[in-house]
Amino acid sequence: MDADVSEVIEMEKALSSLGVTDDTLTDEERTRLDEDGYLLFPGLIEPGWLSALQARFDELLAEEGALAGTEVHQEPGTRRLSDLMNKGVVFDGCYTHPKVLAAIHHILKAPFKVSAMNGREPLRDGGFQAWHEDWNEAFFDSPEQNHWDGDYRSAQDPFYVAISLWMLDDFTSDNGPTRVVPGSHRWRAPQFEMADRKADHPAQVLLTGSAGTVAVMNSHLWHGGTTNQSGARRRVLHPYYVARQFPQQENQRQYIRRETYERISPAAQFLLDVSGAY
Ligand SMILES: O=C(O)CCC(=O)C(=O)O
């Protein structure tokens with residue numbers, strides 16, 4: 001479905017007002033996104049902000065307890081958080097970061113919006129996920145949350161979903177880093193290609209990096225969490241985006257709080273798809 005012209009113009013205006021320019025990404029960065037389907041930005045989160053994000057993450061886990069993550073999804077063996085755009089000014093700069101937005105726009109090449117902003121922390125011996133993309137199969141608890149049931153993307157279709165992973169702790173080989181298969185965003189989804197989606201893939205790569213690194217990933221890339229064997233903390237934030245014509249993972253219009261709406265810019269309101277909510 002082609003985006004209508006006014007939406008393309010609104011998107012360009014929002015990106016520009018959030019600081020995205022033609023030079024935000026280098027040619028090499030664009031090539032990596034096209035060929036590998038992901039890209040790492042080491043040190044994108046400066047140390048003071050990183051500490052504030054870590055502190056808020058832990059504060060929310062403590063405050064929300066057993067309810068943490070329930071707005072979107074809970075996952076055994078992990079701690080999850082959801083609705084982070086409404087849970088602290090410290091998160092405002094995550095889903096609106098110009099580097100991330102430029103990379104997401106490069107992947108999707110069409111107007112998009114924030115789908116959700118979740119947090120995830122695999123616990124010792126937990127966190128393992130089968131190979132998946134974030135489109136043809138949903139890891140949701142109920143069919144109602146699986147917006148895309150039966151809507152299978154074919155290899156010729158545009159890309160519809162992209163995500164950023166904000167590493168709040170070092171991602172090491174043994175604390176449950178995300179695994180990916182470079183280039184697999186152009187393949188059919190793993191359930192059509194692999195008999196055992198839990199198995200290793202010969203071309204798999206572990207996304208490791210120091211705390212403060214941000215990865216941007218085409219969400220059609222085959223990926224999944226691995227087991228946290230060491231038990232060292234591995235907190236991540238997932239600002240996650242979807243082409244504008246599709247539903248969000250978390251309906252922002254339903255959840256947006258007045259204080260969030262009034263604090264953020266019109267461009268951020270557009271990104272969340274909540275313009276005019278109050
Ligand atoms: O946090 C990660 O390592 C990836 C999580 C993921 O792919 C998911 O929850 O669908």
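Which residue follows helix 5, and what is the sign of its phi? Helix 5 is followed by Lys109, and the phi of Lys109 is positive, near 55°. We'll come back to that residue after a look at the whole chain.

First, some ground rules. This is a predicted model, where local features need pLDDT of at least 70, side-chain atom pairs count only at pLDDT 80 or more, and totals for chains, interfaces and linings use all residues. Residues are numbered from 1 along each chain as its sequence is written.

**The overall picture**

The protein has nine helices and nine strands; these are DSSP runs numbered from the N terminus, with helices being H or I of at least four residues and strands E of at least two. Its C-alpha atoms fill a box of roughly 45 × 45 × 40 Å along the principal axes. The radius of gyration is 18 Å, which agrees with the value near 19 Å that a compact globule of 278 residues would have. That radius is taken over C-alpha atoms, and the globule rule is 2.2 Å times the number of residues to the power 0.38.

Of the 278 residues, 44% count as buried. Here, buried means 20 or more other C-beta atoms within 10 Å of a residue's own, exposed means 12 or fewer, and partly exposed is in between, with C-beta atoms placed from the backbone. Among contacts with a separation of 6 or more, 83% come from residues 24 or more positions apart; a contact needs C-beta atoms, placed from the backbone, within 7 Å.

**Helix 5 and two positive phi values**

Helix 5 (residues 98–108) is mostly covered, with eight of its 11 residues buried. Val100, Leu101, Ile104 and His105 are among them. Lys109 then sits in the loop between helix 5 and strand 3. Asp125 also has a positive phi without being a glycine, and its loop runs between strand 3 and strand 4 (161–167). Here are the two residues:

| Residue | Phi | C-beta neighbours inside 10 Å | Status |
|---|---|---|---|
| Lys109 | near 55° | 11 | exposed |
| Asp125 | about 65° | 12 | exposed |

**Strands 2 and 3**

In a regular strand the side chains alternate between the two faces of the sheet. Strand 2 (residues 78–81) is covered on both faces: Thr78 and Arg80 are buried on one side, Arg79 and Leu81 on the other. Strand 2 runs antiparallel to strand 3 (residues 112–122), and four bridges join them; strands pair if DSSP finds at least two bridges between them. Arg80 stands opposite Arg120 in strand 3.

**The 6-5-8 sheet and the ligand**

Arg120 also turns up at the ligand: of the eight residues around it, Arg120, Thr178, His223, Gly225 and Val236 come nearest. Near means a C-beta atom, placed from the backbone, within 6 Å. Strand 8 (residues 223–225) gives the largest share of this shell, three residues. By class, the shell has two nonpolar, five polar and one charged. Ala, Val, Leu, Ile, Met, Phe, Trp, Tyr, Cys and Pro count as nonpolar, Asp, Glu, Lys and Arg as charged, and the others, Gly among them, as polar.

Strand 8 also belongs to an open sheet of three strands, order 6-5-8, with antiparallel pairing. Strand 6 (205–207) and strand 8 are its edges, each pairing on one side only. Strand 5 (residues 178–180) pairs with strand 8 over three bridges, and Val180 stands opposite His223.

Conventions: Contact = placed C-beta atoms within 7 Å.
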